[in-house]
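Here is a short report on one protein model. It moves from the whole fold to single residues.

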Amino acid sequence: MITKFTQSTFHPICDKLAQTDEALAGIIKAHGYPPLWSRANTFETLVHIILEQQVSLASALSALNKLKERVQELTPDRVLLLTDEEFRACYCSRQKTAYIKYLAEALLSGQINLGLFEQLPDEEIRARLTALKGIGNWTVDVYLMFVLQRADVFPIGDLAAVNALKRVKGLPLNTTRDEMLALTAQWQPYRTIATMLLWHYYLSAPKKGK
């Protein structure tokens, strides 16, 4: 079953989560509703998410903008015309250059069809995307949440979400992955929206030591 959220259902879902979870209610009370982060279902968006792997959001955006300056429109066929040196001039590592090329080739060959993903269940999308070199579960989680507005995803590999979860729930630093996943199960079928509340808290709350 595909569970999605929309602009019109986003705040009501936040309220519903707040009614059953004091920590999430506290986030809304202190910081208001989170933004409804969203991105277009395009090759450019997936390239952007790949660039965001294990670097700051600012660094990833800088690389994306450099690529767009170089090719004007970020499409699979234009990207494949770039040399490795040109990718390097756009702040793309050798690994990420390869990942972007694999993705471009998969789209051009028809191995991946982004439009078709709109109708497929989450796990089918995950299986198809993670079959590509350089795309792991975190990349798929962000794609499902931001692009397809799938409502029930918790990105356990996202440090900001995990750290925010530990802080708002008062969890020990050594809390295991399985323990955290068990805790987030209470938010089903709206774990994506709960995660957006956690990110909102992470970005809004003063950091310890400041």
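## Surface, fold and selected residues

The accessible surface of this predicted model comes to about 10900 Å², and carbon and sulfur atoms hold 52% of it. Of the 210 residues, 46% count as buried. The charged side chains number 24 positive and 21 negative. The centres of these two sets lie 5 Å apart.

**Overall fold.** The protein has 13 helices and zero strands. Along the sequence, the pattern is therefore α-α-α-α-α-α-α-α-α-α-α-α-α. The C-alpha trace spans about 50 × 45 × 30 Å along its principal axes. The radius of gyration is 18 Å, which agrees with the value near 17 Å for a compact globule of 210 residues. Among contacts with a separation of 6 or more, 66% join residues 24 or more positions apart.

**Helix 3.** Which part of helix 3 is buried? The buried residues are Phe43, Thr45, Leu46, Val47, His48, Ile49, Ile50 and Leu51. That is eight of the nine residues in the run 43-51, so helix 3 is largely enclosed by the rest of the structure. Its buried residues pack against helix 4 (57-71), helix 5 (76-79) and helix 7 (94-109), among others. Helix 8 (114-117), helix 9 (122-130) and helix 10 (137-147) are also partners of these buried residues.

**Cysteine 92.** This residue sits in the loop between helix 6 (84-89) and helix 7. Its relative accessibility is 5%, so cysteine 92 counts as buried. Leaving aside residues up to four places away in sequence, cysteine 92 touches Leu51, Leu67, Phe87, Thr97 and Ile100. Leu51 is also one of the buried residues of helix 3. Cysteine 92 and leucine 159 are 67 residues apart in sequence. Their C-alpha atoms are 22 Å apart in space.

**Glutamine 95.** Helix 7 contains glutamine 95. Is glutamine 95 buried or exposed? At 55% relative accessibility, it counts as exposed, because the cut-off for exposed is over 50%. From glutamine 95 to arginine 150 is 55 residues in sequence and 29 Å in space, C-alpha to C-alpha.

**Backbone details.** Two glutamines have a positive phi although neither is a glycine. The table sets them out.

| Residue | Phi | Place | Relative accessibility |
|---|---|---|---|
| Glutamine 54 | about 60° | loop between helix 3 and helix 4 | 84%, exposed |
| Glutamine 72 | about 70° | loop between helix 4 and helix 5 | 62%, exposed |

The backbone also holds a cis peptide bond, which joins glutamine 188 and proline 189. Its omega is about 5°. Proline 189 lies in the loop between helix 12 (177-184) and helix 13.

**Arginine 191.** Helix 13 covers residues 191-204 and includes arginine 191. Why does arginine 191 count as buried? Its relative accessibility is 17%, and buried means under 20%. What does its side chain contact? It makes a polar contact with the side chain of aspartate 152, at 2.9 Å. Beyond residues up to four places away in sequence, arginine 191 touches Ala151, Asp152, Val153, Phe154 and Thr184. Asp152 thus appears both in this list and as the polar partner.

Notes: Residues numbered from 1 in each chain as written. Predicted model: local features only at pLDDT ≥ 70, side-chain atom pairs only at ≥ 80, totals over all residues. Heavy atoms only, no water. Helix = DSSP H or I, 4+ residues; strand = E, 2+ residues; numbered from the N terminus. Rg over C-alpha atoms; globule rule 2.2 N^0.38 Å. Buried < 20%, exposed > 50% of the residue type's maximum accessible area, 1.4 Å probe, protein only. Contact = heavy atoms within 4.5 Å. Areas by Shrake-Rupley, 256 points an atom, 1.4 Å probe, with all protein chains shown as cover. Lys, Arg positive; Asp, Glu negative; His and termini not counted. Charge placed at Lys NZ, Arg CZ, Asp CG, Glu CD. Polar contact = N/O pair within 3.5 Å; in protein donor to acceptor, adjacent residues only side chain to side chain.
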